[in-house]
Amino acid sequence: MTKLLTLWIWTGFFLRLSNALVNGFLGGSFGAGEDAHGFHMSAVEHSKDLVFDGFVTGWIYSYILGVFYFLTTDSLFLGSALSVLGWLVSAFILVRIMRILSFDMSSQWKVMFIYSFLPSSIMYTSITLREPFQLLFVNLAIYAALKIYNHRPAIHWLVLFGSVACMGALHGALLASGVFMIIGTLFILRSKNGKDTSIVKVFLITPVMIFFLYYSFLLFTSISYNMDSGLATVVQSYQETLITYGGRALYRTEIEINGLGSFILLMPYFLFQYLFEPMLWHMSSLVDVVALLENVLRFWLILNALKYLLGTLRRKPKFVASKLFWNRKFIFFIFLSFLIMESIWSLGTTNWGTSIRHHLPSLGLILLASFAYQNVTTLKCNRSNKY
């Protein structure tokens with residue numbers, strides 16, 4: 001089984017490297033559109049003088065890629081290969097998380113099979129886009145949170161903070177998810193045995209963390225959203241702007257949010273469309289079949305995660321012979337992180353072409369939450385096994 005796990009990882013690596021070769025030397029691979037080309041060309045310009053002149057959120061990636069080009073050469077293949085390397089590191093981090101959580105080997109290779117061979121992942125983690133690095137830092141943040149949850153060495157707090165800062169620098173939408181991961185880590189520590197972290201410490205440390213993240217993040221960005229009109233108005237305005245761009249894959253053609261109450265009621269609708277479009281009646285291309293199949297897989301993964309979480313609530317801990325049962329609070333934290341991240345993405349997404357890419361940073365989260373169920377269901381409650 002260990003050999004099979006290794007096979008999945010390295011096969012996934014070489015598939016991505018092959019796509020990077022196509023992208024770099026044969027005129028661009030599938031999925032390498034304007035965004036990937038724009039990041040590459042911006043990096044080429046940065047590599048000429050390496051002058052940092054105040055880049056906006058997300059374009060930090062181009063600057064770092066420009067530094068890489070300066071040290072090597074401004075080859076599109078090398079830029080794409082760097083993305084493949086980012087994915088590879090994220091894969092090994094995911095394996096480490098599964099082993100700490102006591103996933104059995106069968107679940108590990110199933111997780112890694114999906115992680116390695118998901119078509120959209122192969123496409124978008126082997127070209128000059130931010131997604132492989134977003135995925136890397138999300139996985140690293142969860143790994144740091146898990147180490148804190150189990151052992152709490154101070155160094156992993158630095159890793160958690162650094163991962164969240166990098167997530168936010170790559171895309172502003174990930175900053176809010178990252179802040180939730182930090183605050184969530186504090187709360188699951190406190191609830192682990194009822195006295196790990198006092199509520200006073202939570203309320204004292206949380207504002208300090210938010211203050212630190214906010215002002216450190218200002219160093220990387222020269223633009224921010226004006227929230228004076230309220231969140232609901234900002235979301236409506238942003239989605240209306242996206243809708244005006246049109247496009248074949250558009251799944252939302254109009255939007256009307258009447259205040260905060262309407263915004264809250266519409267959130268499940270936004271999230272559902274974001275997770276599962278295109279519906280059958282919206283499909284008009286063979287490419288949409290891939291998106292549909294990935295959405296079916298996502299539905300199954302979410303269903304499994306819910307089965308695990310609801311199943312552990314019905315069982316008495318002393319009768320369950322699985323270390324994963326004792327990690328159920330952390331699994332819930334992972335699943336909630338997935339939902340928070342996907343909900344935030346759904347607010348700024350109106351077509352399934354973009355949503356396919358936005359699903360990638362949280363791929364490791366939903367796989368972990370889903371296959372925790374596979375472990376628990378293979379074990380029966382054993383009343384003779386006392387903890």
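Leucine 21 counts as partly exposed, because its relative accessibility is 39%; partly exposed lies between buried (under 20% relative accessible area) and exposed (over 50%), with a 1.4 Å probe and protein chains only. This is a predicted model, in which local features need pLDDT of at least 70, side-chain atom pairs count only at pLDDT 80 or more, and totals for chains, interfaces and linings use all residues. Residues are numbered from 1 along each chain as its sequence is written, and side-chain values use heavy atoms, leaving out hydrogens and water.

Let's compare two residues.

| Residue | Helix | Relative accessibility |
|---|---|---|
| Leucine 21 | H1 (residues 2-25) | 39%, partly exposed |
| Asparagine 139 | H7 (residues 131-150) | 2%, buried |

Helices here are DSSP runs (H or I, at least four residues), strands are E runs of at least two, and both are numbered from the N terminus. The chain has 17 helices and zero strands.

Which residues join Leu21 in a nonpolar patch on the surface? They are Val22, Phe25 and Leu26, and the patch has about 400 Å² of accessible area together (Shrake-Rupley method, 1.4 Å probe, only the protein chains shown counting as cover for residues).

What does asparagine 139 touch, leaving aside residues up to four places away in sequence? Its partners are Ser90, Ile93, Leu94, Ile97, Tyr115 and Gly364, where contact means heavy atoms within 4.5 Å.

Now for the whole chain. Of its 387 residues, 51% are buried. Among contacts with a separation of 6 or more, 73% link residues 24 or more positions apart. The chain exposes about 18,200 Å², with 68% supplied by carbon and sulfur atoms.

Technical notes:
Patches are made of residues with over 30% relative accessible area and no salt bridge: like charges are joined within 9 Å, nonpolar side chains (Val, Leu, Ile, Met, Phe, Trp, Tyr) within 5 Å. A salt bridge is a side-chain nitrogen of Lys or Arg within 4 Å of a carboxyl oxygen of Asp or Glu.
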